[in-house]
Structure formats: C-alpha cells, structure tokens
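Ready for some practice in reading a protein model? Work through the exercises below one at a time, and try each task yourself before you look at its solution.

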Amino acid sequence: MPALAPAPRTAPAAPAPSPVAAAYRRLAEVLPALTAEECAVLPCGDGWVAAAELAAGGTALDAYLALDDAQVQRDHGERARPDVIASFGLHRYAWPACLLVTVPWFLHRRVPRIPVDAVSFHRTRGRMAARVEEFACLPGDPAAGLPGARVVRDEEALRAEVRSAVADHFGPLLETFRPRMRRGARALWGMLTDEITEGLWYVGRLLGEERRAMTEAELLLPGGTAPYPGGASFRELTAPDGTRLPTRNRASCCLFYTLRPQDTCVTCPRTRDAERIERLCTEG
C-alpha cells in the first residue's frame with residue numbers, strides 16, 4: 001500500500017492589524033518620555049503596577065504613593081500632606097492613561113475601550129501597556145471590519161464613546177483615591193476633565209495641531225456632560241505685541257501650592273492673567 005502523502009502545511013494566519021498601534025507609535029515620536037504599547041498579557045513586577053491593583057488599594061497603592069512621598073522629600077526637602085501625595089499620584093497615572101484613549105481618537109477617530117484591568121503602568125520608565133479588545137469607530141473606517149470593532153453613527157456618538165471609555169476606566173480608581181485625597185466626587189471628576197483636556201492640548205501642540213486639539217477638546221467636553229462637571233473652557237489673552245495666547249482655568253487644583261505657594265500652574269485659577277501673559281511670552 002503506497003504511503004500517504006503528507007498533508008500540505010497551512011501558513012499561520014497573520015495577526016489582525018491593530019486599530020491603535022499607529023497612534024501609539026506617533027505619540028512616542030512626539031513625546032519620547034511616554035511609550036504606550038499593546039500587550040496581550042500585561043507586564044508585572046520590576047516596577048510595573050497594574051491599574052487594577054491601584055483601584056484595589058492596599059499595599060500596591062501604598063507602594064505607588066510612597067514614590068511620590070519620597071520624590072517630594074527629595075525635591076523640596078519637606079513632607080507633603082497625605083492628600084497632596086494622593087493627588088500627585090493620581091495625576092501621574094491619569095495624565096498618560098487618558099492619552100491611551102484620546103490620542104487614537106484625535107489621530108484616527110478610533111476609541112479603544114480599556115477597562116481598569118487592561119492597563120499596566122511603569123512610572124519611572126514612562127511606559128504604559130494596554131490590552132485593547134474593543135474599540136469604536138465611524139462608518140467607512142477601514143478598521144470597521146476588525147475584531148472588536150463597534151461602528152457608531154457619527155462624530156458626536158464617537159465623542160460620547162471617548163467620555164464613556166475614560167469614565168469607565170477611572171470610576172473604580174476615583175472611588176479608591178477619594179478618601180485618601182479627601183475630595184468629593186465632583187472635584188475628582190473635575191480633575192479628570194483637566195487631565196483629558198490638558199493632555200490632548202499638550203500633545204496637539206507637539207503634533208503641530210494645537211488649534212485643532214483645542215477645538216476637539218471643547219467639542220468633547222463642552223460642559224455639563226456627566227460625570228464631568230466642567231468643560232475644556234479655553235479662552236484667549238492678548239500679549240503686548242498683540243499675539244493671542246490660549247489659556248484656560250483648571251476645574252481642579254493639583255495642590256502644588258501647598259509646597260510652593262508662589263509656583264502655581266499657568267492654568268491655575270490662582271494665577272492672574274497678567275502673570276499668565278508674562279509666563280507664556282517668556283516660555284513661548
């Protein structure tokens with residue numbers, strides 16, 4: 001009986017293209033201090049902390065905030081209040097984590113849905129790892145046929161997806177940070193309003209698209225879109241030479257003034273317009 005011919009080998013299927021990889025690569029190009037990447041299995045140990053661990057509180061959150069405590073003592077020679085340390089720690093995570101959602105939306109109109117158990121953060125290396133299994137996009141997007149795609153009807157529906165994706169990710173985190181920060185829900189969601197707006201604004205400037213980033217942020221956060229209590233709320237100041245200088249008032253306070261009362265953020269409500277103009281002209 002003749003030997004059976006071996007069955008032809010089938011080439012392994014190529015992995016499906018990522019809907020967000022190009023956006024994360026572009027982010028790393030303009031902001032080398034932050035690297036965002038997709039991972040099927042999130043890294044752990046060696047300085048990595050999972051967002052779900054922070055949301056659970058306990059020893060992982062204590063260790064994470066201890067880094068801020070040590071840095072404040074090293075940089076300023078004094079101890080900060082525990083609520084100030086918690087505020088610093090949340091900001092250090094929230095600012096880059098919001099970009100995981102807003103940058104793919106801004107660049108490619110794709111909104112990844114990244115729950116709190118789908119992100120890990122390495123703060124000393126400036127690295128974020130995310131597991132993206134679902135995303136929203138517009139009709140006609142070439143990515144609409146990819147696994148996990150959800151097509152929404154229009155731009156406003158996609159903006160709603162951005163707001164919802166950020167809120168779903170941060171809801172558990174804010175509940176855990178809230179007693180440590182000694183702030184109410186409105187103040188915490190105001191902080192998220194600031195993190196979304198100022199992160200997108202900053203990256204837009206690096207991309208050479210500052211005005212579009214400001215316009216997109218105002219459409220995204222016009223004010224009164226729960227749970228976000230405020231809006232992007234940009235306004236303009238006029239420099240002595242007539243140059244128009246964009247600014248805004250933060251909806252929340254970073255509490256840095258508790259360490260250095262004279263060193264307020266340029267968007268802090270405590271910073272008067274005359275000082276803002278002087279600083280923006282000097283820095284710009």
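Let's start with a term you'll need: two strands pair if DSSP finds at least two bridges between them. Keep in mind that you're looking at a predicted model.

**Exercise 1. Work out the order of the strands in the open sheet, and say which strands stand at its edges.**

Step 1. Start with β2 (residues 49–50) and β4: 2 bridges join them, and they run antiparallel. Val-49 stands opposite Phe-121 in β4.

Step 2. Now go from β4 to β5 (residues 127–130). These two are joined by 4 bridges and also run antiparallel, with Ser-120 opposite Ala-129. They make a hairpin with 4 residues between the strands, and in the turn Gly-126 has a positive phi of about 65°.

Step 3. Next, take β5 and β1, which pair over 4 bridges in the parallel sense. Here Ala-36 has Met-128 of β5 as its bridge partner.

Step 4. Put it together: the open sheet has 4 strands in the order β1-β5-β4-β2, with mixed pairing. β1 (35–38) and β2 stand at the edges with a single partner strand each, so one side of each has no neighbour in the sheet.

**Exercise 2. Sort the residues of strand β4 by the way they point, and say whether they are buried or exposed.**

Step 1. Recall the general pattern: in a regular strand, side chains alternate between the two faces of the sheet.

Step 2. Apply that to β4 (residues 119–122). Val-119 and Phe-121 point one way, while Ser-120 and His-122 point the other way.

Step 3. Check burial: all of these residues are buried.

**Exercise 3. Describe helix α6, from its length to its surroundings.**

Step 1. α6 covers residues 185–206, which makes 22 residues. From first C-alpha to last, the helix reaches 32 Å, close to the 32 Å expected at 1.5 Å a residue.

Step 2. Look at burial. Of the 22 residues of α6, 16 are buried, so the helix is largely enclosed by the rest of the structure.

Step 3. Look just past the end of α6, where Gly-208 takes a positive phi of about 75°.

**Exercise 4. Find out how many disulfides there are, and explain why Cys-254 and Cys-265 aren't bonded.**

Step 1. Searching the whole structure turns up 0 disulfides. Cys-98 is in none, and its nearest cysteine sulfur, in Cys-254, is 16 Å away.

Step 2. For Cys-254, the closest cysteine sulfur is that of Cys-265, at 3.6 Å. The cut-off for a disulfide is within 2.5 Å, so this pair is too far apart for a bond.

Step 3. Compare burial: Cys-98 counts as buried because its relative accessibility is 1%, whereas Cys-254, at 22%, counts as partly exposed.

**Exercise 5. Describe the two largest pockets: what are their volumes, and what lines them?**

Step 1. The largest pocket has a volume of about 1,100 Å³ and a lining of 35 residues, with His-91, Glu-198 and Cys-265 among those nearest its centre.

Step 2. Which helix gives the most to this lining? It's α6, with 7 residues. By type, the lining residues of the largest pocket are 15 nonpolar, 9 polar and 11 charged.

Step 3. The second largest pocket has a volume of about 290 Å³. Its lining has 14 residues, and those nearest the centre include Phe-121 and Gly-126. The largest share of this lining, 4 residues, comes from α3.

Definitions and conventions: Residues numbered from 1 in each chain as written. Predicted model: local features only at pLDDT ≥ 70, side-chain atom pairs only at ≥ 80, totals over all residues. Heavy atoms only, no water. Expected span 1.5 Å × (residues − 1). Buried < 20%, exposed > 50% of the residue type's maximum accessible area, 1.4 Å probe, protein only. 1 Å grid on protein atoms, 1.4 Å probe; cavity = no way out; pocket = protein on both sides within 12 Å on 5 of 7 lines; lining within 4 Å. Points joined across faces, edges and corners; volume = space filled by probe spheres on them. Nonpolar A, V, L, I, M, F, W, Y, C, P; charged D, E, K, R; others polar.
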